[in-house]
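Please open the structure in your viewer and keep the sequence panel beside it, so that each selection can be followed in both. The tour moves from one selection to the next and says what to look for at each stop.

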Amino acid sequence: MKKNFLILADLDSTFEEFKVDNDEFIPFLNFVEEFEEELGCFVVIHFVSGTSKENLADRLDFFKYEYPEIYSRIDYAILSGGKKYSRDLKPIGKCGTDYAPYSKADGVNDIISNYRRSDIAGACFLGDGKNDVPGFDMLKYYQRAFEFGTYNLAPRSRRDYDNIISHVDFYSEKPRILGCVDCLYNMQKAILEKIGDENSSSIW
C-alpha cells in the first residue's frame, strides 16, 4: 500500500502566486505528479497558516476551479488560534494548548498525530517567516522521534531571512510558489540520492 507524503504549507506569501493569472501553479502540479510516480507515494497537502477563514475560502475556490488536481490532494487546514477547517470549510475543532498561546508547532503536531506512523513516507513544511519557525522545529522533532524524513523549505524571505535560514534544509531566492517548487525539486533530488545510497538509512 502506498504511503502519504505530507506537504504542510503556510498560505500568506508562501503557497500563493507571485503574479496573478500567470499559471504559476502548473510547475507545482507537475512536481506533485512526478514526485508521486518517482517515489510511489500519495501527496497530501495541509495548510498551517495565520490567514483568515475568508482568505482560505478564496484559496480553496481557486484550487477547486483552476487546479482540481491540486484541490483533490488538499486535506484539512489549521488557521489562526488553532482553528481547524475541512476542505469544504466546515469547522472541525481546534488544536493547541490551554497553557500557552497557539503556535504553528501545535498545528504541525496536530496534523502528524492524526496519521499512523506506518502511513507516512515523509513530510515537508513550506514557510517563509519567523512565525513558521516553531512549525519547522516540530517537524524535525518528528524526524527524530518517528524516524521518517522531514524537510523544511523556504521561498524568498527578505524580511525574516536571518530568523529562518538556520531552520531550513532548502532555501530559494525565487518568491512564493515559484520558490516552493524550486525547494521541492531540491528535496526530491536529496531523497532520490538517499534511496540510491546503499549505505544510507531507510528513512527519506
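Begin by selecting Ile45, which lies in strand E2, and bear in mind throughout that this is a predicted model. Is Ile45 buried or exposed? Its relative accessible area is 0%, and because buried means under 20%, Ile45 counts as buried. Now add Ile7 to the selection: Ile7 and Ile45 stand 38 residues apart in sequence, yet their C-alpha atoms are 4.8 Å apart in space. Apart from neighbours within four places in sequence, the residues in contact with Ile45 are Ile7, Phe28, Ile70, Arg73, Ile74 and Asp75.

Move next to His46, which also lies in strand E2 and is buried, with a relative accessible area of 0%. Which backbone atom lies 2.9 Å from a polar atom of the side chain of His46? It is the backbone oxygen of Tyr76, and Tyr76 appears again among the contacts of His46, which, leaving aside neighbours within four places in sequence, are Ile7, Leu8, Ala9, Asp75, Tyr76, Ile111 and Tyr115.

Now select residues 53-66, which form helix H2. With 14 residues at 1.5 Å a residue, helix H2 should span 20 Å, and the distance of 20 Å between its end C-alpha atoms agrees with this. Colour its buried residues, namely Leu56, Ala57, Arg59, Leu60, Phe62 and Phe63, and then show what covers them, which includes strand E2 (41-47), helix H3 (68-71), strand E3 (77-78) and strand E4 (83-85).

For the following stop, select Glu24, found in the loop between strand E1 (3-9) and helix H1 (26-39). Glu24 has a relative accessible area of 3% and is buried. Beyond residues up to four places away in sequence, Glu24 touches Glu17, Phe18, Lys19, Tyr67, Ile177 and Leu178.

The contact between Glu24 and Ile177 leads on to helix H7, residues 176-196. This helix has 21 residues and reaches 30 Å from its first C-alpha to its last, close to the 30 Å expected at 1.5 Å a residue. Its buried residues are Ile177, Gly179, Cys180, Val181, Cys183, Leu184, Met187, Gln188, Ala190 and Ile191, and what covers the buried residues of H7 includes E1, H1, strand E6 (120-126), E7 and strand E8 (170-171).

Then turn to Asp160, which sits in the loop between strand E7 (149-154) and helix H6 (161-164). Asp160 counts as buried, at 7% relative accessibility. Where does the side chain of Asp160 have a polar atom 3.0 Å from a backbone nitrogen? The nitrogen belongs to Lys130, and, not counting residues up to four places away in sequence, Asp160 touches Asp128, Gly129 and Lys130. For a contrasting distance, select Ser86 as well: its C-alpha atom is separated from that of Asp160 by 30 Å, with their positions 74 residues apart along the chain.

Finish at the largest pocket, where Asp128 and Gly129, together with Asp12, Ser13 and Arg159, are the lining residues that lie nearest the centre. How many residues line this pocket? There are 20, and they divide into 3 nonpolar, 6 polar and 11 charged. The space in the largest pocket comes to about 410 Å³.

How values were computed. Residues numbered from 1 in each chain as written. Predicted model: local features only at pLDDT ≥ 70, side-chain atom pairs only at ≥ 80, totals over all residues. Heavy atoms only, no water. 1 Å grid on protein atoms, 1.4 Å probe; cavity = no way out; pocket = protein on both sides within 12 Å on 5 of 7 lines; lining within 4 Å. Points joined across faces, edges and corners; volume = space filled by probe spheres on them. Nonpolar A, V, L, I, M, F, W, Y, C, P; charged D, E, K, R; others polar. Helix = DSSP H or I, 4+ residues; strand = E, 2+ residues; numbered from the N terminus. Buried < 20%, exposed > 50% of the residue type's maximum accessible area, 1.4 Å probe, protein only. Contact = heavy atoms within 4.5 Å. Polar contact = N/O pair within 3.5 Å; in protein donor to acceptor, adjacent residues only side chain to side chain. Expected span 1.5 Å × (residues − 1).
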